[in-house]
Every structure is written in structure tokens, then in C-alpha cells.
Amino acid sequence: HIGWGQQTRGGRRRASTARTYLRPAMARAHLQVVTNALVHRVVFEGKPDRSVYNPLGAVHGGYAATLLDIACGIATHSSLGPSRGHTTLELKVSYLRGLSEDSGTVRATGRVVSVGRRVAFAEATLHDGAGRLCATASSTLLVFDVELFAITPGVAPPTVPEDVAAPPAGTKSTASGIPYRT
């Protein structure tokens, strides 16, 4: 299904970025927000353990990529207005040093390079517990307007028209809602 959504939402209510993004991130076992989100820059810490190892016995590269993508995305989001949203268009990660549970607490720092009307650019670095650079990332993000609406207690939010919410004729949807042709 294709439908409308609001970028900064908690449940069915408009929510702050902290409530929608940072608090859930802080609840994750391997990710901890250690500084407040500042406009244009955020810092995350995590401690990799064997649960994020790949079959070759090292931390999976996706762990570092996830931290770097989150750092770029939230740095960008913190610089947008309340009716603006974003999504990652491209993430380029360069791995410089492998991670293991002996790497200690790793720190991902994201900063905004530029935010335009339609596109934003951000960078992030990942350092291990000894301060050694382990990975870098550059990200291109699509910036877009988000339709906002007021939530009135006892009043249901607007619904998506049936012709927009339904998949096109001759298609079915996967469990994740992605349409495909039959």
C-alpha cells in the first residue's frame, strides 16, 4: 500500500524528535545517545559484542553502517523545520579498521554539510574506544515537505482515500505492504 505518513510521529500523535527517534534509539542494547542532538551535529555511542558478529568472527559491517546512517540522518533531521522530513538516498561507507568486542565503546559523530530545499548532505565518522578512526560515511538525503495535521482528543486523524491506499489493479501486497504484480 502507498499511503500518507508523518515523519515525526509517536503512535498516532505528533511527537518531538526526541520522543520519536532518540528515546527508541536509547532503548536499544547496542546504541546509546551520549550527547544531546544539536543542530547540524549528533553523537552516538555503542558497544559491539558477539551478537553483531558475522560468520567470519568480526563485527558485521552493517553494524557500523547502521550507526553511521543514523548519525547522518538524525543530524539532518535536527536541522529541518517541523514540517520537513527526510530519507536516505545514498550512503557511502568506507571501512578503515575492523571492529570486535575488544574495540570498546565506539562513537559515531554525524554532521550536516549542507541542507537545501530538496537535498541534504551529511558526513559521519566512527571511532573505537581508543579514538582510532574505524569508518567514515557520506550521505545524500532527500528532503521533503510533510503534511501536518492537528490531533484533537477523541477525533480520528484523517484517513487515506481508498483509491490511494489500495494497490493498483492486478497487484498484491507483501506483508510489509510493498506492491507487486501478479
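**Core packing and salt bridges in the predicted model**

A135 is located in strand 8. In this predicted model, A135 has a relative accessible area of 1% and therefore falls well within the buried class, whose limit is under 20%. Apart from residues within four places in sequence, the contacts of A135 are L68, S94, Y95, L96, A124, T125 and L126. A further residue, A65, is 70 residues away from A135 along the chain, and the C-alpha atoms of the two are 8.5 Å apart.

The setting of this residue is given by the chain as a whole. Three helices and ten strands make up the secondary structure. Read from the N terminus, these elements follow the order β-β-α-β-β-α-β-β-β-β-α-β-β. The chain has 182 residues, and 32% of them count as buried. When contacts between residues at least 6 apart in sequence are considered, 61% join residues that are at least 24 apart. About 10700 Å² of the chain is exposed, and 55% of this area is supplied by carbon and sulfur atoms.

In soluble globular proteins, nonpolar side chains tend to be buried together. The largest nonpolar core of the present model contains 29 residues, and those touching the most other members are Y63, L68, L99 and L126. At least two residues of this core come from each of strand 4 (41-46), helix 2 (61-78), strand 6 (106-115), strand 7 (119-127) and strand 8 (133-145). Helix 2 makes the greatest contribution, giving nine residues to the core. Two of the residues that touch the most other core members, L68 and L126, are also among the contacts of A135.

Nonpolar side chains are also found at the surface. A patch formed by V113, V119 and F121 has about 220 Å² of accessible area in total. Within this patch, F121 belongs to strand 7. The relative accessible area of F121 is 38%, so this residue counts as partly exposed, a class that lies between 20% and 50%.

Charged side chains were examined next. Five salt bridges are counted in the model. One of them pairs E101 with R50, with 3.2 Å between the closest N and O atoms. Because E101 is in the loop between strand 5 (84-95) and strand 6, while R50 is in the loop between strand 4 and helix 2, this pair ties together parts of the chain that are 51 residues apart in sequence. The two partners fall into separate accessibility classes: E101 is partly exposed at 30% relative accessibility, whereas R50, at 55%, is exposed.

A second salt bridge is formed by R84 and D145, whose closest N and O atoms are 2.5 Å apart. R84 is part of strand 5 and D145 is part of strand 8, so the pair links parts separated by 61 residues in sequence. With a relative accessible area of 16%, R84 is under the 20% limit and therefore counts as buried. D145, in contrast, has a relative accessibility of 53%; this value is over 50%, so D145 is classed as exposed.

The surroundings of R84 include further polar and non-sequential contacts. A polar atom of the R84 side chain lies 2.4 Å from the backbone oxygen of R117. The side chains of R84 and D145 are also joined by a polar contact of 2.5 Å. Not counting residues up to four places away in sequence, R84 touches H77, G116, R117, R118, V143, F144, D145 and V146. The buried side chain of this strand 5 residue thus has both R117 and D145 as polar partners.

Another salt bridge brings together the side chains of R132 and D128, with an N to O distance of 2.8 Å. In this pair the acidic residue is buried, as D128 has a relative accessible area of 4%. R132 has a relative accessible area of 40% and is partly exposed.

Methods
Residues are numbered from 1 along each chain as its sequence is written. This is a predicted model: local features need pLDDT of at least 70, side-chain atom pairs count only at pLDDT 80 or more; totals for chains, interfaces and linings use all residues. Side-chain values use heavy atoms; hydrogens and water are left out. A nonpolar core is a set of buried Ala, Val, Leu, Ile, Met, Phe, Trp, Tyr and Cys residues joined through side-chain atoms within 4.5 Å. Buried means under 20% relative accessible area, exposed over 50%, partly exposed in between (1.4 Å probe, protein chains only). Helices (H or I, at least four residues) and strands (E, at least two) are DSSP runs, numbered from the N terminus. Patches are made of residues with over 30% relative accessible area and no salt bridge: like charges are joined within 9 Å, nonpolar side chains (Val, Leu, Ile, Met, Phe, Trp, Tyr) within 5 Å. Accessible areas come from the Shrake-Rupley method with a 1.4 Å probe; for residues, only the protein chains shown count as cover. A salt bridge is a side-chain nitrogen of Lys or Arg within 4 Å of a carboxyl oxygen of Asp or Glu. Contact means heavy atoms within 4.5 Å. A polar contact is a pair of N or O atoms within 3.5 Å; within protein, one must be able to donate a hydrogen and the other to accept it, and residues adjacent in sequence count only if both atoms are side-chain atoms.
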